[in-house]
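Open the model in your viewer and keep the selection box handy. We'll go stop by stop: pick something, look around, move on.

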Amino acid sequence: MKLAIETLGCGEDLVMVHGWGMNSSVWHDFAEQLAGHYRVTLIDLPGHGHSSYSGASSLEAWAQACLDAAPENAVWLGWSLGAMVTIQATILMPQRVKGLLIMAGMPKFIQDENWPHAMALRTLNQFNEMLGGDMNRALERFLALQMLGSDLAVERLRSIKIRLRERPEPSLEALQEGLELLRQSDLREKLHLISCPTAWIYGERDTLAPAAASETLKQWLPDARTHTISRAAHTPFLSHPSETEGLLLSCLEAWHEC
């Protein structure tokens with residue numbers, strides 16, 4: 001399964017992986033900012049954007065496809081579902097990942113009695129039901145939920161819709177499989193296999209990946225850096241781009257000094 005990529009800038013390699021139902025155009029402005037410091041590789045997930053879908057039905061397969069498309073030795077930045085794919089890629093081939101930046105991401109996206117700070121299963125089920133009836137409506141509802149509570153939500157939502165339409169619609173099969181990956185995947189007990197430095201960035205108002213999960217992560221990754229962006233929801237790189245960029249660059253600079 002060959003994935004579509006786009007490369008911006010020059011310097012050390014930074015790989016960026018988008019979330020469910022999106023494509024790499026969602027990163028556009030933010031990636032251009034980072035390309036002033038790094039060579040940025042944007043990857044379209046399977047069945048999203050310009051990447052075709054071959055029916056891959058495991059998180060490992062999605063992660064391996066991203067590894068096949070990525071530079072050999074890079075820092076990886078994953079957002080939402082892309083964060084989970086990025087975590088899995090790091091576990092599969094730790095020698096390929098120099099550092100791990102997780103934005104609005106979780107090792108387990110669905111809450112249970114031992115993991116309360118996560119998405120309710122009913123929320124994910126609602127998206128699945130909407131996909132069966134009206135895919136475009138489901139994606140618009142998901143976009144709105146991601147921006148809920150953020151400053152400039154209406155303005156940002158309008159611009160992101162325009163960006164996303166610049167690429168093909170995602171495959172319905174890929175969308176359904178992506179939701180299934182979010183439903184089933186639980187990487188918590190594998191986090192200890194990650195040896196590279198990690199940083200986890202959350203939005204204070206995020207209901208899909210609640211910031212309260214950040215402290216719980218320390219039991220598996222005691223050295224992880226965690227940050228919460230005030231007034232941001234699930235898309236801090238859209239609602240608070242300057243603050244988010246500053247946090248990322250601060251983490252990267254600290255890792256270079258080690």
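Start with the sheet in this predicted model: select the strands and you'll see seven of them in an open sheet, ordered S1-S3-S2-S4-S5-S6-S7, with mixed pairing. Now colour S1 (5-8) and S7 (225-229): these stand at the edges with a single partner strand each, so one side of each has no neighbour in the sheet. Turn the sheet and follow the twist, which averages 20° from one strand to the next.

Next, pick out S4 (residues 74-79) and S5 (residues 97-103). This pair runs in the parallel sense, joined over six bridges. For a landmark, click alanine 74, which stands opposite valine 97 in S5.

Add helix H3 (residues 81-92) to the selection. H3 lies across S2 (13-17), S4, S5 and S6 (198-203), and its direction makes an angle of about 145° with S4.

In the loop between S4 and H3, stop at serine 80. Here is a backbone detail to check: serine 80 has a positive phi of about 55°, though it is not a glycine. Most residues other than glycine have a negative phi. Serine 80 is also buried, since its relative accessible area is 5%, under the 20% cut-off.

For another positive phi, jump to arginine 231, in the loop between S7 and helix H9 (236-239). Its phi is about 70°, and again this is not a glycine. Buried or partly exposed? Arginine 231 is partly exposed, with a relative accessible area of 39%.

Back to the sheet: select aspartate 13, found in strand S2. Its relative accessibility is 15%, so aspartate 13 counts as buried. Which residues does it touch, leaving out those up to four places away in sequence? Show Arg39, Pro71, Asn73, Ala74 and Val75. Draw a distance between the side chains of aspartate 13 and arginine 39, and you should find a polar contact of 2.6 Å. For a sense of scale, try aspartate 13 to glutamine 176: they are 163 residues apart in sequence, and their C-alpha atoms are 31 Å apart in space.

Now go to helix H2 (residues 59-69) and show its buried residues: Leu59, Trp62, Ala63, Ala65, Cys66, Leu67 and Ala69. What covers them? Among the elements to switch on are S1, S2, S3 (39-43), S4, H3 and H7.

Follow H7 (172-184) to its end and on into the loop before S6, where serine 185 lies. Serine 185 is buried, as its relative accessible area is 10%. Check its side chain: a polar atom there lies 2.7 Å from the backbone oxygen of leucine 181. Beyond its neighbours within four places in sequence, serine 185 is in contact with Leu59, Met84, Pro107 and Lys108. You met Leu59 a moment ago, among the buried residues of H2.

Finally, zoom out to the whole chain, which has 10 helices and seven strands. The C-alpha trace spans about 50 × 40 × 35 Å along its principal axes. The radius of gyration is 16 Å, which agrees with the value near 18 Å for a compact globule of 258 residues. Colour by burial and 58% of the residues count as buried. Switch on the surface: the chain exposes about 10,600 Å², with carbon and sulfur atoms supplying 48% of that. As for contacts with a separation of 6 or more, 77% come from residues 24 or more positions apart.

Terms used: Residues are numbered from 1 along each chain as its sequence is written. This is a predicted model: local features need pLDDT of at least 70, side-chain atom pairs count only at pLDDT 80 or more; totals for chains, interfaces and linings use all residues. Side-chain values use heavy atoms; hydrogens and water are left out. Two strands pair if DSSP finds at least two bridges between them. Helices (H or I, at least four residues) and strands (E, at least two) are DSSP runs, numbered from the N terminus. Axes are lines fitted to C-alpha atoms, for helices over the stretch in contact, and angles run from 0 to 180 degrees between N-to-C directions. Contact means heavy atoms within 4.5 Å. Buried means under 20% relative accessible area, exposed over 50%, partly exposed in between (1.4 Å probe, protein chains only). A polar contact is a pair of N or O atoms within 3.5 Å; within protein, one must be able to donate a hydrogen and the other to accept it, and residues adjacent in sequence count only if both atoms are side-chain atoms. The radius of gyration is taken over C-alpha atoms; the globule rule is 2.2 Å times the number of residues to the power 0.38. Accessible areas come from the Shrake-Rupley method with a 1.4 Å probe; for residues, only the protein chains shown count as cover.
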